[in-house]
Amino acid sequence: DIQVRGNIKTKPDFIRRRVNFKPGDRYSLTGKRDSFRALYRTGLFSKVNLVLEDQGRPGERSLVVSVVEGPSREIYIEPGWGSYELLRLKFGWREKNPLGGGRNVGIESIVSVKSRQVVVNMVDPWFLNTEITADVPLYYSYREEPSFTREDVGVSPSFSRQLSDHVTATAAYTLRNTDISDVDAAAALEDVDTETYNFASIKLQGTYDDRDDPFYPARGRRLSFSIEHADDALGGDITFTRMTAGMRYFYSVNRDTVLGLRYATGFIYPGPGETTVPISERFFNGGENSVRSFRQSELGPKDLSGDPVGGLAYNTINIELRRRLIGDLSGSLFFDLGNVAPNRSISESDGEPPENRSDAVSDTLHDFFNDFRPGIGFGLQYKLPIGPVRCDLAFNPDADDDRDEDDYVFHFSVGMAF
């Protein structure tokens, strides 16, 4: 048989399901190693031991699984900084394994000068005793964007499955209420809807990730593709399909030098009878993590007041050479390119809104690879326990005076650009 000892909160059946043996199986060192790894991977135990005990029956032994449970309660505070949000503070509480089945519950709050968010969530890493991870967050968020303010209340359950060592598939459903406010009066010409609306969607995403470090990678790739469909039949008020894709590639030139490449893109297909989507659902570009010669969301079409209005598609390209200078201090040289399509707002082109969906899609595809805005510059990064502190100085060698684009922008933030 299989005996479980040392558990206090964790249910014995939960431990037995992660042991690669059943009563009557032949014992093997491979099975012991796999069981040991599976139990440690739960994150619930600080010590695991598997031994055989003689029960006085020839050829038979009992497998004794002894565990020491680790701390189950976590309270954390994480400071941060961003060029747009400025001071940022994350704090939260998490309880691991409250009912003995390996589930986690917690509450987290993120506060900055421009935003605030509260998330209450439950995570079940073994949903219905499978390898599927279920995450159910309930959230409230408030954020001041450069051209509008949005307030969201919603729920977004997701289900993820690790298909292989590097491939993950995720399915999610989102239901939220969004309120848009503080939109400039000039935005009325841009077909901007400022009313409150309900949003409901289903989303599928696939990710391949073999990077050696998710925070400061020296080699590897991360590829992702997602498709999200919002529909009134799902419980919302608007209909459209949004697709995004991205690639990050890191090549170690030598021990201290890394070449990083990124390409990200997206496209929104409006619903039947629609020519656009609410401004809060559109793509924006520019900022500390995209094209660094622009301030947050300032790249692309603008209304008569000079506020960005976003678009139905975007592209971002980043090339960055990173080199360790001394100790934990590194430097980088980078070249960024990006756009938003359509690349002219209605007021900028002295035109009228598209008459139908076909015209809106045609205008977007026509500009999909047009009017890329550049950024070149250099930066410094210093590794800290909370992540690398980064400062970047980016120049725009082709600043558009008609859009009042800056000649240069300085960013200071925590975390790498990509």
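## A residue to start with

Which strand does Y408 lie in? Y408 belongs to β20, a strand that runs over residues 408-414. Keep in mind as you explore that this model is predicted.

## The chain as a whole

Let's step back for a moment. The chain has 418 residues, and 43% of them are buried. Its secondary structure adds up to three helices and 20 strands. If you follow the C-alpha trace along its principal axes, it spans about 90 × 55 × 35 Å.

## A nonpolar patch on the surface

Y408 also takes part in a nonpolar patch on the surface. Its partners there are Y249, Y251, V253, I319, L321, L333, F335, I376, F378 and F395. Together, the residues of this patch have about 1,000 Å² of accessible area.

Where do these residues come from? Strand β14 (240-254) gives the largest share, with three residues. At least two residues each are supplied by β14, β16 (313-326), β17 (329-341) and β18 (373-382).

## A space inside

Now for the interior. Rolling a probe the size of a water molecule over the atoms reveals where empty space remains. In this structure, one cavity of 30 Å³ or more turns up, and the largest cavity has a volume of about 30 Å³.

Which residues line the largest cavity? You can find them in the model: L299, G300, N339, V340, N343, D371, R373 and R403. Sorted by class, this lining has two nonpolar, three polar and three charged residues.

Conventions: Residues numbered from 1 in each chain as written. Predicted model: local features only at pLDDT ≥ 70, side-chain atom pairs only at ≥ 80, totals over all residues. Heavy atoms only, no water. Patch = residues over 30% accessible without salt bridge, like charges linked within 9 Å, V, L, I, M, F, W, Y side chains within 5 Å. Areas by Shrake-Rupley, 256 points an atom, 1.4 Å probe, with all protein chains shown as cover. Salt bridge = Lys/Arg side-chain N within 4 Å of Asp/Glu carboxyl O. Helix = DSSP H or I, 4+ residues; strand = E, 2+ residues; numbered from the N terminus. 1 Å grid on protein atoms, 1.4 Å probe; cavity = no way out; pocket = protein on both sides within 12 Å on 5 of 7 lines; lining within 4 Å. Points joined across faces, edges and corners; volume = space filled by probe spheres on them. Nonpolar A, V, L, I, M, F, W, Y, C, P; charged D, E, K, R; others polar. Buried < 20%, exposed > 50% of the residue type's maximum accessible area, 1.4 Å probe, protein only.
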